[in-house]
Amino acid sequence: MCEFCTQHGEGKKWYLNVKNYATELLNDPKRRYMIKNFYKEVVEKGNNSITRLEMTFQRNPKLLERIKEPYIKEMKSMHFGQVVPLEDIIQILSICNTTVRLPCGCRWAFNKQEARVCFGISFGLSGWYDDLDIDYFGLPDVAQFDRMDKEQVIEIIKKLDNQGMIHSIWTFQTPFIGAICNCELKSCLAMRSTVGLQMPIMFKAEELAEIDAEKCTGCQECSHVCQFNAIEYSEIDNKSQINAMNCFGCGVCRGFCPEEAIYLVERRTYPVASSF
Ligand code: SF4
Ligand code: SF4
Ligand code: SF4
């Protein structure tokens with residue numbers, strides 16, 4: 001179990017605890033302010049600051065160690081995520097009451113591409129997206145959020161899984177969970193920070209992958225789709241295997257294995273494989 005499960009899970013995975021979706025949490029003015037200004041202030045500034053950090057760390061790698069801890073601490077309290085495999089995403093949707101499809105803020109900030117692959121979720125009959133006048137980069141024409149039923153959302157996320165997208169959940173002032181995201185490394189601010197800069201703003205999933213060596217034929221379909229560089233191929237025995245340190249447990253590789261050789265196990269069975 002990750003740190004958030006211990007703090008906010010009440011004995012289960014924290015993202016399956018309905019309290020972390022409660023509408024009452026929206027009474028917090030700090031949270032409301034953050035949500036209202038999220039796209040304009042957090043996403044756009046985040047894109048600029050990660051681009052700056054990418055250039056700075058190339059020149060001065062030592063700076064990373066100095067700023068890493070305070071940065072992670074701030075993000076944990078403000079906007080932090082976790083990779084979640086498809087079956088748990090479906091469980092999350094089963095406890096939510098309303099869902100809307102949103103334009104992906106990272107992709108918009110990255111290259112002004114509008115991609116509707118994020119989902120606002122709420123346990124209440126109205127969501128955080130209903131009564132706040134959210135400033136979506138000041139562009140009213142992209143601000144219409146598509147209200148959808150859960151079955152529609154599940155079908156869309158299954159398709160994104162088949163395209164190799166990583167699923168994750170996100171807080172607005174932790175522990176309030178407000179969104180499900182479907183991301184790829186090149187455009188996702190969180191993945192660029194977590195994987196590219198080694199400044200994690202998302203936990204790994206509560207699971208990680210294993211490969212059944214008996215079934216593996218060494219075709220390497222799985223390693224082509226893994227966005228975390230967590231699958232290693234050995235020419236010696238013509239088999240692939242998981243690097244437990246790198247695996248984020250997204251589970252996406254499973255759908256690409258023609259032999260159904262990949263499965264998820266609990267992360268805690270691998271003491272070496274940390275949540276970050
Ligand atoms: S976390 Fe992923 S889906 Fe969410 S806004 Fe960023 S790239 Fe888009
Ligand atoms: S090896 Fe791990 S990180 Fe890579 S796709 Fe599979 S589950 Fe995801
Ligand atoms: S896709 Fe399956 S069979 Fe192919 S290398 Fe990966 S685990 Fe082995």
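User: Happy to start with strands: what makes two strands count as a pair?

Analyst: Two strands pair if DSSP finds at least two bridges between them. This is a predicted model, by the way. Strand β2 (residues 98–102) and β3 are joined by 5 bridges in the antiparallel sense, so they are called a pair, the cut-off being at least two. Within this pairing, valine 100 stands opposite glycine 120 of β3.

User: And what makes β3 and strand β6 a pair?

Analyst: Here 2 bridges join β3 to β6 (residues 177–183), and the strands run antiparallel. The rule asks for at least two bridges, so this counts as a pair as well. Glycine 120 has alanine 179 as its bridge partner in β6.

User: Why is β3 called mostly covered?

Analyst: A residue is buried if 20 or more other C-beta atoms lie within 10 Å of its own. In β3 (residues 118–122), 5 of its 5 residues are buried. Cys118, Gly120 and Ser122 lie on one side and Phe119 and Ile121 on the other, and both faces are covered.

User: How do you know that domain 1 touches domain 2?

Analyst: Residues are in contact if their C-beta atoms lie within 7 Å. By that test, 11 residues of domain 1 (3–203) are in contact with 11 residues of domain 2 (207–269). On the domain 1 side, α7 (150–162) and β5 (166–171) are the elements that give two or more residues. That side has 6 nonpolar, 3 polar and 2 charged residues. The centres of the two domains, taken over C-alpha atoms, are 26 Å apart.

Technical notes: Residues are numbered from 1 along each chain as its sequence is written. Chains are lettered from A and ligands numbered from 1 in the order in which they are written. This is a predicted model: local features need pLDDT of at least 70, side-chain atom pairs count only at pLDDT 80 or more; totals for chains, interfaces and linings use all residues. Domain bounds come from an automatic or database domain assignment. Two residues are in contact if their C-beta atoms, placed from the backbone, lie within 7 Å. Helices (H or I, at least four residues) and strands (E, at least two) are DSSP runs, numbered from the N terminus. Ala, Val, Leu, Ile, Met, Phe, Trp, Tyr, Cys and Pro count as nonpolar, Asp, Glu, Lys and Arg as charged, and the others, Gly among them, as polar. A residue is buried if 20 or more other C-beta atoms lie within 10 Å of its own, exposed if 12 or fewer, and partly exposed in between; C-beta atoms are placed from the backbone.
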